[in-house]
Amino acid sequence: MSTKARPLFDPEIVKPAIIASFKKLNPVHIWKNPVMFVTEVGAAVTTLDLFFTKSHSFVLQITIWLWFTVVFANFAEAMAEGRGKAQADTLRKSRTKSVGRKIMPDDSIQTVPAESFRKGDLFIVEANELIVADGEIIEGAASVNESAITGESAPVIREAGGDRSAVTGGTTVLSDMIKVRVTANPGESFMDRMIGLIEGAKRLKTPNEIALSILLSALTIIFIVVCITLKPFSKYAGPDVNAAVTISVLVSLLVCLIPTTIGGLLSAIGIAGIDRMVQHNVLAMSGKAVEAAGDVDVLLLDKTGTITLGNREAAEFIPAPGVSSEELADAAQLSSLADETPEGRSVVILAKKKYGIRGREIHEMPHAEFVPFTAQTRMSGLNFNGDVYRKGAADSVRKFVASGGAAFPAEIDQAVDKISRAGGTPLVVATAKKALGVIYLKDIVKGGLPDRFQRFRAMGIKTVMITGDNPLTAAAIAKEAGVDDFLAQATPEDKLALLRREQAAGHLVAMTGDGTNDAPALAQADVGVAMNTGTQAAKEAGNMVDLDSNPTKLIEVVEIGKQLLMTRGALTTFSIANDVAKYFAIIPAMLVGAFPQIAPLNIMKLGTPNSAILSAVIFNAVIIILLIPLALRGVKFRPAPAVEILRRNLLVYGLGGIIAPFPGIKLIDLIVHNLLHVA
Amino acid sequence: MTASGWIQLALYIGVLLLITKPLGAYLVRVLDPQRGGGTFLDPVLGWFERICYRILRVDPRQEQNWKGYAVAMLIFSLVSMLLTYGILRLQTHLPLNPQQMANVPDALAFNTAASFTTNTNWQSYGGESTMSYFSQMVALAVHNYFSAAVGIAIAAALIRGIARDRSGTVGNFWVDLVRVHLYLLLPICILFALFLVSQGIIQNFKPYTTFATVDQSAAVSTTQPAQQIIAQGPVASQIAIKMLGTNGGGFYNANAAHPFENPTPLSNFIQMLSIFAIPSSLTYYLGRMVKSQAHGWAVWAAMFAMFLAGVLVCWGAETSGNPRLKELGVDPATTAMEGKEVRFGVFNSALFATITTDASCGAVNSMHDSFTPLGGLVPLFNIQTGEVIFGGVGAGMYGMLIFVVLAIFIAGLMVGRTPEYLGKKIEGYDVKCAVLAILAPSLCILALTAWSSITDWGLAGLNNSGPHGFSELLYAFTSGAGNNGSAFAGLTCTPTSGDRHYNIALAFDMLFGRFFMIIPLMALAGHLAAKKVVPQSAGSFPVGGATFAVLLVGTVVIVGALTFLPAIALGPVVEHFIMHGGTQTF
């Protein structure tokens with residue numbers, strides 16, 4: 001289901017986006033974006049001015065570029081929407097590849113695509129086939145693996161009649177055959193609704209976007225008044241100035257001063273944020289959820305699967321006194337040959353890696369008798385060549401050894417204690433004659449996590465590990481993983497209580513969950529990422545779904561949220577800082593005709609007043625196009641303390657925003673003035 | 001740029017720094033006695049404070065929400081403004097009028113009442129030729145206290161809003177008002193007035209005295225009168241609060257250039273210091289209240305950086321003077337001495353002009369109108385920043401805090417979180433309040449300047465034409481909305497024709513600039529107070545340190561002041577280039 005990042009300007013997206021950017025000129029659409037609406041009105045005014053002005057060529061060029069400013073902003077939005085839509089289509093395609101066997105009205109059976117099933121249709125499904133739609137069994141009984149929905153791997157029995165007749169789309173039949181009547185149309189499922197959101201069609205402005213829009217509108221109002229009052233000011237200043245300050249010049253100044261850059265890119269940034277989540281196979285329910293991810297400062301992480309790999313691994317062999325390490329390793333391996341659990345396999349591997357003891361194959365040992373683990377003995381092992389090898393919990397092995405009359409050295413007890421304290425699981429290895437030593441099984445923290453948690457700590461994000469383990473074990477793993485805190489012997493209720501406590505203290509909390517009993521906490525969390533394999537209840541309660549069901553991804557989710565906010569802030573700062581240079585381009589141009597002495601103020605040495613104004617307007621339009629990649633990809637993100645991030649971004653986007661337009665406008669002026677000969 | 005100038009500047013900055021912390025800590029005791037533990041005067045004057053509450057029928061333990069606080073402030077301002085208007089209109093019937101000053105005309109009285117209520121102290125009149133001693137003391141000096149206390153109270157309310165966690169209230173206006181008067185303004189002003197008297201400022205109720213002029217050799221004319229009338233009055237008591245309260249309304253028309261208002265270099269120094277004393281200390285108060293002294297000092301540093309830049313530009317411009325006069329052979333050191341007191345010279349005039357316009361004081365010891373175009377641009381630009389470079393007492397602090405909110409909102413996203421000010425999320429409502437508070441004065445200035453620049457009444461008031469005349473207009477409305485009160489002299493607001501336009505336009509300018517800023521700001525205070533504080537961490541937006549100070553300066557300059565760049569270009573900037581590159585001066 002992976003959706004790879006596509007090239008930024010994929011022709012498949014660019015072409016419809018170009019068409020859309022002209023369609024979006026409709027004032028009814030633009031009205032929602034005050035900055036671009038004012039720009040469009042300005043473009044309309046200069047268009048009208050064409051009929052009255054004497055400097056047609058100048059006004060025409062200004063007019064064209066003002067319209068382009070609006071079109072470019074529309075293009076940015078259309079690009080983001082197009083990419084979102086492409087992502088959604090990819091997701092949809094991958095969902096609809098499955099097929100089902102439909103029972104046609106004439107009782108024949110045809111294999112048809114899953115999405116063609118409608119309410120009331122009948123289909124049959126047998127072992128190892130996917131149930132293609134939600135439905136009700138009308139004939140037969142089957143064991144069904146519902147782990148995709150419930151997270152429970154144990155199969156359940158579903159049968160016709162009674163209250164166990166419902167089956168869910170996406171689950172798999174493990175045995176037998178059933179006939180099912182479809183109860184839900186395609187496109188109405190939960191996942192379908194989520195995919196709809198990505199397309200951006202029903203996107204609502206997030207609270208932060210609304211606040212930013214207020215600021216941008218206020219700046220627009222100020223600059224409208226600045227430009228309107230400039231007319232009486234220039235009338236006061238005399239006929240020369242008054243003649244230079246034409247309506248088209250004022251509109252040019254206005255459009256250059258209002259924050260068109262961020263105004264034009266704002267919605268593209270928001271859509272791109274959701275889009276980036278999708279690229280990581282995370283579906284966000286809303287833009288608000290993505291923003292909240294950036295604000296999160298407490299992460300509740302389940303230990304198993306998130307912080308540690310699901311299984312424990314053998315890490316060390318601790319021999320009893322008088323036993324060599326090799327001897328212990330050999331016995332440990334023999335006792336584990338038949339043990340197909342991941343732990344058992346890890347013992348074989350450790351023996352091989354550390355002591356070069358080749359893993360023996362079962363077929364090489366015809367006389368071997370394997371002793372499986374049972375709840376009674378709590379040991380497993382191997383009888384081979386008259387020898388007996390066993391491994392198991394300390395108590396069980398002690399009994400086993402005692403029954404053979406052999407000793408159980410105190411050193412083994414000490415080792416067992418030590419391992420338990422360190423959060424590991426001790427397995428004692430013994431033969432019938434003596435206890436040989438201890439295998440240290442430990443939780444394996446996923447690679448790179450301690451480093452990542454360290455960086456999160458630097459960003460002020462606290463990580464809390466949630467585990468059902470006892471406090472001793474939990475503490476040890478927490479220390480190894482480098483989390484800030486842990487909650488041991490946690491029940492779902494404890495988890496919810498912890499979450500509420502953190503929120504009451506003012507924190508914003510993110511968590512992952514999959515089971516139905518996680519649902520209340522997922523709903524309460526500021527960012528609740530449900531695993532796609534989880535129950536429907538969990539998915540409904542959270543505000544994001546991870547299609548890969550990888551809880552560690554919570555970390556990426558937070559990073560994407562932060563990146564979205566940073567991008568928005570960076571472009572806002574850049575946009576506002578740009579004004580300084582534009583003033584220096586336009587104001588001398590307006591006044592130099594009447595007051596030739598102010599020529600030194602034209603610090604960019606722009607060609608003529610007209611070329612200066614035109615260059616500023618062109619810069620203002622082109623910068624939107626140039627920044628589309630940044631808006632869609634997001635600014636570079638590296639976890640660091642806020643002070644550092646602020647300093648760097650202020651330098652790049654604040655100071656850069658002040659400086660960049662000077663060479664930019666100068667360059668455009670060189671082209672416009674010298675190559676195109678704009679007088 | 002003389003060595004003595006540098007030394008005095010260093011001395012000024014050093015002393016200002018020295019008083020900031022102790023006075024700031026004292027402000028905590030005055031404004032938030034439950035935290036600061038009350039002042040040393042509380043035991044002495046507590047009985048009087050309680051009487052005040054009994055008269056006002058106020059329960060000092062009962063705090064107000066932002067609406068209650070704002071309404072109380074508005075009622076107090078309205079009533080005291082009407083009182084002033086009444087006194088000015090009826091001064092012939094009131095005592096202490098030895099010069100038998102006439103009743104003040106309606107438009108002028110309205111303008112003056114609005115002016116003193118808003119802490120502007122714009123004066124469309126000459127004090128010694130218009131006001132009786134009773135009017136000066138009861139109608140005007142009293143307002144110097146009132147408006148200063150109101151400003152401090154509003155700043156305290158906003159800071160409480162920032163500091164508090166999920167609180168419904170922002171303090172009690174009446175308590176703040178009484179305590180600021182009783183424990184801050186009155187005690188300092190009593191000592192300050194005594195000091196000023198020691199320097200030679202007068203304090204009497206005598207009729208004006210007439211003396212024969214010293215040089216009787218020339219023929220008597222308007223420029224060589226045979227005798228001079230020396231105005232008297234209770235000056236010292238008014239000057240103390242005029243400076244400390246950043247009011248700036250002079251007892252005399254010449255303001256702090258008058259020897260009776262500012263007699264010695266020491267009085268000049270201490271007056272300049274007293275302008276910045278409370279605004280500077282409020283940054284320390286801010287730090288204490290929000291438990292982040294680093295934030296307080298960062299705000300101080302941002303203010304200071306802009307102040308220093310202003311002083312250096314102004315001083316430099318005035319030192320280099322007028323090139324046209326140099327060509328005529330005038331001693332370069334004195335080409336910019338027009339409109340300056342010889343006693344103070346270039347440096348102390350430039351420093352005073354910068355300080356008085358950084359703070360919304362408006363007292364002047366030289367005529368800003370006579371400054372070189374760039375030198376005059378500094379005071380104008382200072383006011384156009386929104387009076388946040390230390391600013392008026394309280395007003396500078398709350399104005400700067402609006403910019404703090406905006407700066408955090410604009411740049412705060414760049415740290416990857418919803419903007420957050422000391423743990424409080426800055427949301428749509430807060431942004432709305434902040435931009436309204438900034439919009440009101442800016443729009444007022446631009447609209448009224450535009451109106452006056454193309455109407456007959458507007459042009460009739462001008463003494464100068466061209467860009468300099470434009471600067472005068474722009475300065476007047478900037479000074480009004482910024483509640484500064486200083487003037488680019490040369491604008492006649494109370495013409496003999498009786499035209500009321502300027503006085504009424506300026507009165508509304510001042511009222512808008514003050515109250516249309518305070519009301520959204522109080523809403524912001526209330527909204528912030530109610531918010532939950534998000535615990536601070538390494539991921540929180542840093543509001544201390546150099547980075548933040550730089551950000552704050554950038555926001556003030558780019559968002560606040562650049563709005564006026566086109567207007568400035570048509571005034572001082574054009575004038576500057578014409579003076580240097582052309583042949584004309586204005």
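Trainee: In which helix of chain B does B:Lys242 lie, and what makes B:Lys242 count as buried?
Mentor: B:Lys242 lies in helix 9 of chain B, residues 235-244, where helices (H or I, at least four residues) and strands (E, at least two) are DSSP runs numbered from the N terminus. Its relative accessibility is 0%, and buried means under 20% relative accessible area, with exposed over 50% and partly exposed in between (1.4 Å probe, protein chains only), so B:Lys242 counts as buried. Keep in mind that this is a predicted model, in which local features need pLDDT of at least 70 and side-chain atom pairs pLDDT 80 or more, whereas totals for chains, interfaces and linings use all residues. Residues are numbered from 1 along each chain as its sequence is written, chains are lettered from A and ligands numbered from 1 in the order in which they are written, and side-chain values use heavy atoms, leaving out hydrogens and water.

Trainee: What makes the pair of B:Lys242 and B:Glu261 a polar contact?
Mentor: Their side chains come to 2.5 Å, and a polar contact is a pair of N or O atoms within 3.5 Å; within protein, one must be able to donate a hydrogen and the other to accept it, and residues adjacent in sequence count only if both atoms are side-chain atoms. B:Lys242 is also in contact (heavy atoms within 4.5 Å) with residues beyond four places in sequence, among them B:Asn144, B:Glu261 and B:Cys361.

Trainee: Why is the pair of A:Arg568 and A:Glu209 called a salt bridge?
Mentor: The N to O distance between their side chains is 3.9 Å, and a salt bridge is a side-chain nitrogen of Lys or Arg within 4 Å of a carboxyl oxygen of Asp or Glu, so the pair satisfies the rule. A:Arg568 lies in helix 21 (residues 554-577) and A:Glu209 in helix 7 (residues 207-237) of chain A, so the pair ties together parts that are 359 residues apart in sequence. Both residues are buried. By this rule the count over all chains comes to 36 salt bridges.

Trainee: What are A:Glu502 and A:Lys462 called by their relative accessibility, buried or partly exposed?
Mentor: A:Glu502 stands at 8% and therefore counts as buried, while A:Lys462, at 26%, counts as partly exposed. The side chains of these two residues meet in a salt bridge at 3.1 Å, N to O.

Trainee: Which residues are joined into one network with B:Glu420 and B:Lys425?
Mentor: The side chains of B:Glu420 and B:Lys425 themselves meet in a salt bridge at 3.1 Å, N to O. Salt bridges that share partners join these two with A:Asp295 and B:Arg417. B:Glu420 is buried at 3% relative accessibility, as is B:Lys425 with a relative accessible area of 14%.

Trainee: How do you know that the sulfur of B:Cys52 is too far from that of B:Cys189 for a bond?
Mentor: The closest cysteine sulfur to that of B:Cys52 is in B:Cys189, at 17 Å, whereas a disulfide is a pair of cysteine sulfur atoms within 2.5 Å, so the distance is too far for a bond. For B:Cys433 the closest cysteine sulfur, in B:Cys444, is 19 Å away, which is likewise too far. A search of the whole structure finds zero disulfides over all chains. Both B:Cys52, with a relative accessible area of 17%, and B:Cys433, with 5%, are buried.
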